[in-house]
Amino acid sequence: MDKKTVLAVILLSILFTAFLAVGQKNRPEEENAALRVSVTEEQTDAGSSNIPATQEIILPQGAASAEKHIAETDLYRIEFSTYGASITSLQLKGYTDGETPVEMIQKGSDADWGAFLMYFAKDNQGKPFYGPFTYQNKGNGQFEFRARAGTMVDGVNVPFTITKTYTFVPEEYMFEVRIALVQPDGQYLPLNFSGSSYALEAGPQIGPSFKKLDNQQTYRKPVYYNGRKSKILKLGNKPISIDERVIWAGIDGKYFALIGVPDESLYRQIWSSKAVKSASGEGIQEGTQLSFVRSQIRSSRQEDRFYFYMGPKQNKELKRYDAAAQNHFGLANMKMEGIAPSMPVFGWLEALFKAVLEFIYRFVPNWGWAIVILTILVKLILFPLTLKSLLSTAQLTDLQPRIKALQEKYKDDPAGMQRAQFELYQKEGINPMAGCLPLLLQLPIFIALYNLFNKFFELRGAHFFGWITDLSAPDVILQFARPLPVLGWTGLHLLPVIYLLSQFLMNKVMQSDANSQTSQMRTIMWMMPLMFFFIFYQVASALLVYWIMSNILSIFQQVLISYLKKNGHFQNDEGNRSIKSKKKYSAV
């Protein structure tokens, strides 16, 4: 390789490192700046309303009950609690987390904190409303909870009733949550908390289980769709809210998601990160909650409907809500596959790779071999450019004696040296930058494949062969008793080692004709694989399968081209000059 090629590789190394380190973290923050996002409190003046500001919800006498009720559908196993009329467990029967079904509701150590609790307070602050609720299984997938409450208005207790109804249907990961509020005496519902009436919280955290949210391999991202495009928000320690009307709002996980679809009433959407732990500090340290805050109700009765999707991020499941005839609830044009927005620049390339990979899988029903075939196709497409790059590099190597002669002749005239070198390149029909193009093309390909393999649902638990049992995760041949100091590695992965050896071998083969390289350049080329080894150590196995296969193909490609070049099968297209052997040049 010539000097410019080495510099291009170094530049790619820096870009790869930067992308892996911060690529997934920066994009939401950049998008936040363009959104009309409000993290301030609601400015509605409660005193301007005819309904006095609610001070406190008064519960009926008696402690709230905590009865558990189990229900099942073909897709879910559900555990309800009368303590808050919440869902305390929602297991996906068709997917496993280790040896148990995926649990979509992570409670941490707080057994009473379930999903779909109601808050009668400003936004979703304070304590949720726990009831007591009564429970009734009404059949046909409907489960109803009822409770009585009241508020003090001008010293008088104004009662109202709460009815929360869950409706589940077969063969869908979508279900309905209906909230009915009634003031039996015909008065306005006495609910006014700074302009809102109640908040319905989908929390405390969606599954599957995790040890830490690293925003790369494991993440929970707030996302919403406003009818034009889906947008990602960046959630920190403080809640964030949006005031614009949305089609849906959700929480994006790596392979599973929560998506809430409100009705036509006016809501504010709030995402918070309250920890799911007990006072002793046990439990999940990083919670993620989505709340729909209902605007003030100006009637004696109100019924609100919400639809929640809690399941896999598979297009075949998400796209059914784009056509009303394909789902029980008649929802259409939801565009829920946007829960995981594509990259703004290389999203088209990611979508293309995904389509090609799915097409290959139809004929080769193994995702590992499909990735191998995809790698071969990419190599074939890039081969003409790669060939031109290798020939250009060889020609530059052959010109080194003449270039050194020019350097000696113009050692006191740098400008003259550049002109003479440029004229030499023109005369010989050589583009000195041609050797960099295939390397530069690897950057968008790498980024697109990294994003695809990091969230492609079908790779979850996909077996390739031997010890590679999950293409979506690092391969493990030995689990460490405790994480390694500094590095934090939890197991021994073989694929990164194979990648390192293949990269060393590829560098060795490619340097065989590059005798003009300085020792410094050769040292850099040998050090870079070590850097990538640490970068790639804990990435998805699918990415390493692609990279290793790409290196193997590059080795065979280089060996073949070197053999053909040695035997005079290539000619310079510009000057029709044979590259049979090295030429002897006199000084210019």
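These legends go with a set of close-up views of one predicted model.

**View 1. The whole chain, before zooming in.** This predicted model is a protein of 588 residues, and 52% of them count as buried. Its secondary structure adds up to 10 helices and 24 strands. Take the contacts between residues at least 6 apart in sequence: 68% of them join residues at least 24 apart.

**View 2. The largest nonpolar core, with Leu-90 in the middle of the story.** This core runs to 76 residues. Ile-87, Leu-90, Phe-116, Phe-168, Phe-175 and Phe-308 have the most contacts inside it. Pick out Leu-90 and set aside its neighbours within four places in sequence: what remains in contact includes Tyr-76, Arg-77 and Ile-78, then Val-102, Glu-103, Met-104 and Ile-105. Phe-168, Phe-175 and Met-310 also touch Leu-90.

**View 3. A second core, separate from the one above.** Here we have 40 residues in a core of their own. Leu-349, Leu-382, Leu-449 and Trp-547 are among its members.

**View 4. The hairpin of S8 and S9.** Strand S8 (residues 134–139) and strand S9 (residues 142–153) run antiparallel, joined by five bridges. To get your bearings, find Gln-136, which stands opposite Glu-144 in S9. Two residues sit between the strands of this hairpin. One residue to look at is Asn-140, in the loop between S8 and S9. Asn-140 isn't a glycine, yet its phi is positive, at about 55°. As a bit of background, most residues other than glycine have a negative phi. Is Asn-140 buried or exposed? Asn-140 counts as exposed because its relative accessibility is 78%, and the cut-off for exposed is over 50%.

**View 5. On to S9 and S10.** S9 carries on into another antiparallel pairing, this time with strand S10 (residues 156–168) over 12 bridges. Gly-150 has Pro-159 in S10 as its bridge partner. These two strands also make a hairpin with two residues between them. In the turn, Asp-154 has a positive phi of about 55°. Follow S10 along to Phe-168 and you are back at a residue from View 2, one of those with the most contacts inside the largest nonpolar core.

**View 6. Two cis peptide bonds, each leading into a proline.** The bond from Gly-131 to Pro-132 is cis, with omega near 25°. Pro-132 belongs to the loop between strand S7 (117–119) and S8. The bond from Gly-203 to Pro-204 is cis too, with omega near 0°. You'll find Pro-204 in the loop between strand S12 (196–202) and strand S13 (221–225). For context, most peptide bonds are trans.

**View 7. Ser-194 and its positive phi.** Ser-194 sits in the loop between strand S11 (174–182) and S12. It isn't a glycine, but its phi is positive, at about 55°. How does Ser-194 count in terms of accessibility, and why? Ser-194 counts as partly exposed because its relative accessibility is 24%, and partly exposed covers the range between buried, under 20%, and exposed, over 50%.

**View 8. The largest pocket.** Its volume is about 1,600 Å³. The lining takes in 47 residues, and Asp-214, Gln-217, Thr-218, Ala-473 and Pro-474 are the closest to the centre of the pocket. Helix H1 (3–34), strand S5 (86–97) and helix H9 (519–536) each put at least two residues into the lining. Which of the elements has the largest share of this lining? That would be H1, with three residues. By class, the lining splits into 21 nonpolar, 15 polar and 11 charged residues.

**View 9. The second largest pocket.** This one holds about 550 Å³ of space. There are 26 residues in its lining, and Asn-315, Glu-337, Ala-340, Ser-342 and Lys-354 lie nearest its centre. Helix H2 (315–318), helix H3 (347–363) and helix H7 (437–455) supply at least two lining residues each. H3 gives the most, with six residues. Sorted by class, the lining has 10 nonpolar, six polar and 10 charged residues.

Terms used
Residues are numbered from 1 along each chain as its sequence is written. This is a predicted model: local features need pLDDT of at least 70, side-chain atom pairs count only at pLDDT 80 or more; totals for chains, interfaces and linings use all residues. Side-chain values use heavy atoms; hydrogens and water are left out. A nonpolar core is a set of buried Ala, Val, Leu, Ile, Met, Phe, Trp, Tyr and Cys residues joined through side-chain atoms within 4.5 Å. Buried means under 20% relative accessible area, exposed over 50%, partly exposed in between (1.4 Å probe, protein chains only). Contact means heavy atoms within 4.5 Å. Two strands pair if DSSP finds at least two bridges between them. Helices (H or I, at least four residues) and strands (E, at least two) are DSSP runs, numbered from the N terminus. On a 1 Å grid over the protein atoms alone, a cavity is a set of points where a 1.4 Å probe fits but cannot get out, and a pocket is an open set with protein on both sides within 12 Å along at least five of seven lines; lining residues have an atom within 4 Å of a point. Grid points are joined across faces, edges and corners, and a volume is the space filled by probe spheres set on the points. Ala, Val, Leu, Ile, Met, Phe, Trp, Tyr, Cys and Pro count as nonpolar, Asp, Glu, Lys and Arg as charged, and the others, Gly among them, as polar.
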